[in-house]
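Let's work through a few short exercises together. Have a look at the structure first, then try each task before reading its solution.

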Amino acid sequence: MSKTWRPATQLVHGGTLRSQYGETSEAIYLTQGFVYENSAAAEARFKGETDGFIYARYGSPTNDMFEKRMIALEGAEDARATASGMAAVSAAILCQVKAGDHIVAARALFGSCRYIVETLAPKYGVECTLVDGRDLANWEAAIRPNTKVLFLESPTNPTLEVVDIAGVAKLANQIGAKVVVDNVFATPLFQKPLELGAHIVVYSATKHIDGQGRCLGGVILSDKQWIDENLHDYFRHTGPAMSPFNAWTLLKGIETLPLRVKQQTESAARIADFLADQGKVARVIYPGRKDHPQADIIARQMSGGSTLVCFELKGKNAAFALQDALEVIKISNNLGDAKSLITHPATTTHKNLTEEARAELGISAGTLRLSCGIEDTDDLLDDLAQALAKVSA
Ligand SMILES: *Cc1c(COP(=O)(O)O)cnc(C)c1O
């Protein structure tokens, strides 16, 4: 693997381990364990004196290829592949806190992420303060001497707000806290949290990295010291390991990540502009548009827009009417898929929040989140136009 390869090349060749057969496509090593030549070899492996695998809960060859490819793309030193995005988020946070510690998190989080910091961590004596992450002053005001972790997602789900990652990292460094960034919406192509000063990056690989709706997966990336000192033992002994079959599926997915994300983003940008011109659309939020409320931060920290568009119709009936009239675009709460998917957050992904909490996040009864797929953009535009025509004004 060459460090100088550009991302698209890393994603096809990075981390490849070939067996004695010299297979072109990566092999799937569906094995729980590994055999040793003799007793001394087993002893040396367990002592860490020789390289090699011990047990698939700790690591295995197909997972190793996936981790190395993600490391190359992200510019990290080390990684662990996990069974799902939530396994990655929960491990990345819980492995580094103890009772008496404090977490500050942006309130605009994926629902399950919010459960980890708001409900689960406090059960173990770890307090959490949720802040409006758009304003650095709120982070600064919430930080305490015992704050260990600052956790954020940017852009956020579903309203595509952004957080100034470099600004939050600067605050964290003043007290030796770690910044964990859930980088799912930006994708590893459009935002590099480690370069911006964050310490740990997590992904749900279920989204753009698979990109074809097949399997769950996640990954945690950071520097070697943080992984050795915090995640290594936690990961081995709590068992969030990814299935080698899923690691293989994701290795195949990631080869085409740049092609898919390029097409999805071009469609999203055209769709955002189209929707902004429609009288029945009250508001469009898209990180690639100049009218995004935080366009200045986006220009500083992202190299591309988004594969997602958030927009608002006038109420729930209009939102449901549009969704129900769509033919190409499917109603589903997943995202980053080759298929275009639309969801109504207030009644699905964000239904567990109070109406007040939804209002704080800018989610109204008419809000819709569209994840653009890789279909022909003109077919998506035609589909939205015919569906909008069926929405009463
Ligand atoms: C989907 C998602 C997760 C959780 O990932 P799973 O693979 O479903 O466990 C976490 N964060 C964000 C931003 C997501 O979109």
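**Exercise 1: Who surrounds the ligand?**

Find the residues that come nearest to the ligand, then sort its shell by class.

Solution. Start with the neighbours: there are 13 residues around the ligand, and Gly85, Asp182, Ser204, Thr206 and Lys207 come nearest. Keep in mind that this is a predicted model. Next, sort the shell by class: five residues are nonpolar, five are polar and three are charged.

**Exercise 2: Polar contacts and cover**

Work out which ligand atoms pair up with the side chains of Asp182, Thr206 and Lys207.

Solution. We count a pair of N or O atoms as a polar contact if they're within 3.5 Å. Take Asp182: an N or O atom in its side chain is 2.6 Å from a nitrogen atom of the ligand. Now Thr206, where a polar side-chain atom lies 2.6 Å from a ligand oxygen. Then Lys207: its side chain has an N or O atom 2.7 Å from an oxygen atom of the ligand. Now for the cover: on its own the ligand exposes 380 Å², and the protein buries 92% of that. As for the place, the ligand sits in the second largest pocket.

**Exercise 3: Domains**

Say where the domains run along the protein chain and how many residues of each are in contact with the other.

Solution. Begin with the bounds: the domain assignment gives domain 1 as 7-255 and domain 2 as 257-389. Next comes the spacing, with the C-alpha centres of domain 1 and domain 2 lying 27 Å apart. Last, look where they meet: 40 residues of domain 1 are in contact with 37 residues of domain 2.

Notes. Residues numbered from 1 in each chain as written. Predicted model: local features only at pLDDT ≥ 70, side-chain atom pairs only at ≥ 80, totals over all residues. Heavy atoms only, no water. Near = heavy atom within 4 Å. Polar contact = N/O pair within 3.5 Å; in protein donor to acceptor, adjacent residues only side chain to side chain. Areas by Shrake-Rupley, 256 points an atom, 1.4 Å probe, with all protein chains shown as cover. 1 Å grid on protein atoms, 1.4 Å probe; cavity = no way out; pocket = protein on both sides within 12 Å on 5 of 7 lines; lining within 4 Å. Sits in = over half its atoms within 2 Å of the grid points. Nonpolar A, V, L, I, M, F, W, Y, C, P; charged D, E, K, R; others polar. Domains from an automatic or database assignment. Contact = heavy atoms within 4.5 Å.
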